[in-house]
Amino acid sequence: VPTIIPIFLNIAGVKRKIVQIGCGSSHTVFLNDLGQVYISGPEQFGLGDELNESIVSIPTAIPNIKNIIQVACGESHAVLLDNIGQIWICGRNYDGQLGLGDKIDRYTFITIPDVKNIIQISCGSHHTALLDDQSRVWTFGHNMYGQLGLGDTVNRSIPSIIPDIKDIAGMKRDIVEVSCGRNHTALFDNKRQIWVFGSNEY
């Protein structure tokens with residue numbers, strides 16, 4: 001039965017509005033109207049406790065994270081976008097979906113170096129896509145089905161830019177929105193056309 005979550009309070013105890021929610025397989029991320037982030041699910045996730053496997057059943061504020069404007073969740077990772085276009089990322093990393101150049105899980109949110117001016121984020125189950133202010137799309141993580149849009153099926157642990165999207169006439173299209181499914185990715189361009197790649201199982 002749908003149940004209303006208890007009132008969200010900021011650090012000062014003042015009620016705040018929730019403006020965006022992201023859901024993974026066992027965690028939920030909430031964003032309030034002040035750019036503060038709360039999380040519920042495994043205590044390891046985002047709260048820095050690597051060994052504690054208890055469950056946080058009440059949304060808990062993530063310390064030292066502020067000015068967030070978007071949140072997105074994969075199956076077992078989460079991505080935050082702040083107001084200066086910087087990415088914060090946390091969670092499981094067995095396919096490189098954190099974009100940090102390795103496959104080490106992270107239990108607190110850290111930034112991805114050398115990726116800046118991001119304006120939109122999206123997550124698949126085990127891959128991540130970022131759109132920057134130059135209409136470039138960065139992808140990383142699981143790529144068994146070609147969902148990274150890089151022309152192969154090799155996983156990436158470092159953000160890679162998808163080659164320019166061009167129409168039949170060879171004209172470059174500017175991407176204005178990105179959205180990820182479990183094992184596929186869709187791009188929406190400035191001519192209102194959709195480009196898709198990845199798994200086509202269904």
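In which order do the four strands of the open sheet that contains β9 and β12 follow one another, and is their pairing parallel or antiparallel? In this predicted model, the order is β9-β10-β11-β12, and the pairing is antiparallel. The edges of this sheet are taken by β9 (118-123) and β12 (156-161), and because each of them has a single partner strand, one side of each is left without a neighbour in the sheet. On average, and with direction ignored, neighbouring strands here are turned by 15° against each other.

Within this sheet, β9 and β10 are paired in the antiparallel sense over five bridges, and one of the residue pairs involved can be named, since Gln 120 has Leu 131 in β10 as its bridge partner. The loop that leads from β10 (127-132) to β11 (137-141) holds Ser 135, a residue with a positive phi of about 65° although it is not a glycine.

**A second open sheet**

Another open sheet is formed by four strands in the order β5-β6-β7-β8, again with antiparallel pairing. Here β5 (68-73) and β8 (106-111) stand at the edges, and each has a single partner strand, so one side of each lacks a neighbour in the sheet. The average turn between neighbouring strands of this sheet is 15°, with direction ignored. Five bridges in the antiparallel sense connect strand β6 (residues 77-82) with strand β7 (residues 87-91), and among the pairs is that of His 77 with Gly 91 in β7.

Ahead of this sheet, Asn 67 lies in the loop between β4 (55-61) and β5. Its phi is near 60°, a positive value in a residue other than glycine, and with a relative accessible area of 36% Asn 67 is partly exposed.

**Asp 105 and Arg 106**

The loop between β7 and β8 contains Asp 105, whereas Arg 106 lies in strand β8. Which side of the burial cut-off does each of these residues fall on? Buried means under 20% relative accessible area. Arg 106, with a relative accessible area of 18%, is therefore buried, while Asp 105, with 22%, is partly exposed.

Leaving aside neighbours within four places in sequence, Asp 105 is in contact with Gly 91, Arg 92, Asn 93 and Tyr 94. Under the corresponding exclusion of residues up to four places away, Arg 106 touches Cys 90, Gly 91, Asn 93, Leu 98 and Leu 100. Gly 91, listed among the contacts of Arg 106, is also the bridge partner of His 77.

**Separations along the chain and in space**

The table sets sequence separation beside C-alpha distance for residue pairs, among them pairs that involve Asp 105 and Arg 106.

| Residue pair | Separation in sequence | C-alpha to C-alpha distance |
|---|---|---|
| Asp 105 and Asn 190 | 85 residues | 36 Å |
| Arg 106 and Arg 92 | 14 residues | 6.6 Å |
| Phe 30 and Thr 60 | 30 residues | 9.3 Å |

Of the residues in the table, Phe 30 has its place in strand β2 (residues 28-32), and at 4% relative accessibility Phe 30 counts as buried.

**The β14 and β15 hairpin**

Strand β14 (residues 184-189) is joined to β15 by five bridges, and the two strands run antiparallel. One of the pairs places Ala 186 opposite Val 196, its bridge partner in β15. The hairpin of these two strands has four residues between them, and in it Arg 192 takes a positive phi near 65°. Strand β15 (residues 194-198) has two faces that can be told apart: Trp 195 and Phe 197 make up the covered face, while Ile 194, Val 196 and Gly 198 make up the uncovered one. Val 196, the bridge partner of Ala 186, thus belongs to the uncovered face.

**The largest pocket**

How much space lies in the largest pocket? The value is about 240 Å³. The lining consists of Ser 125, His 126, His 142, Tyr 145, Arg 182, Asn 183, His 184, Ser 199, Asn 200, Glu 201 and Tyr 202. Sorted by class, this lining has seven polar, two nonpolar and two charged residues.

Technical notes. Residues numbered from 1 in each chain as written. Predicted model: local features only at pLDDT ≥ 70, side-chain atom pairs only at ≥ 80, totals over all residues. Heavy atoms only, no water. 1 Å grid on protein atoms, 1.4 Å probe; cavity = no way out; pocket = protein on both sides within 12 Å on 5 of 7 lines; lining within 4 Å. Points joined across faces, edges and corners; volume = space filled by probe spheres on them. Nonpolar A, V, L, I, M, F, W, Y, C, P; charged D, E, K, R; others polar. Pairing = 2+ DSSP bridges. Axes fitted to C-alpha atoms, helices over the stretch in contact; angles between N-to-C directions. Buried < 20%, exposed > 50% of the residue type's maximum accessible area, 1.4 Å probe, protein only. Contact = heavy atoms within 4.5 Å.
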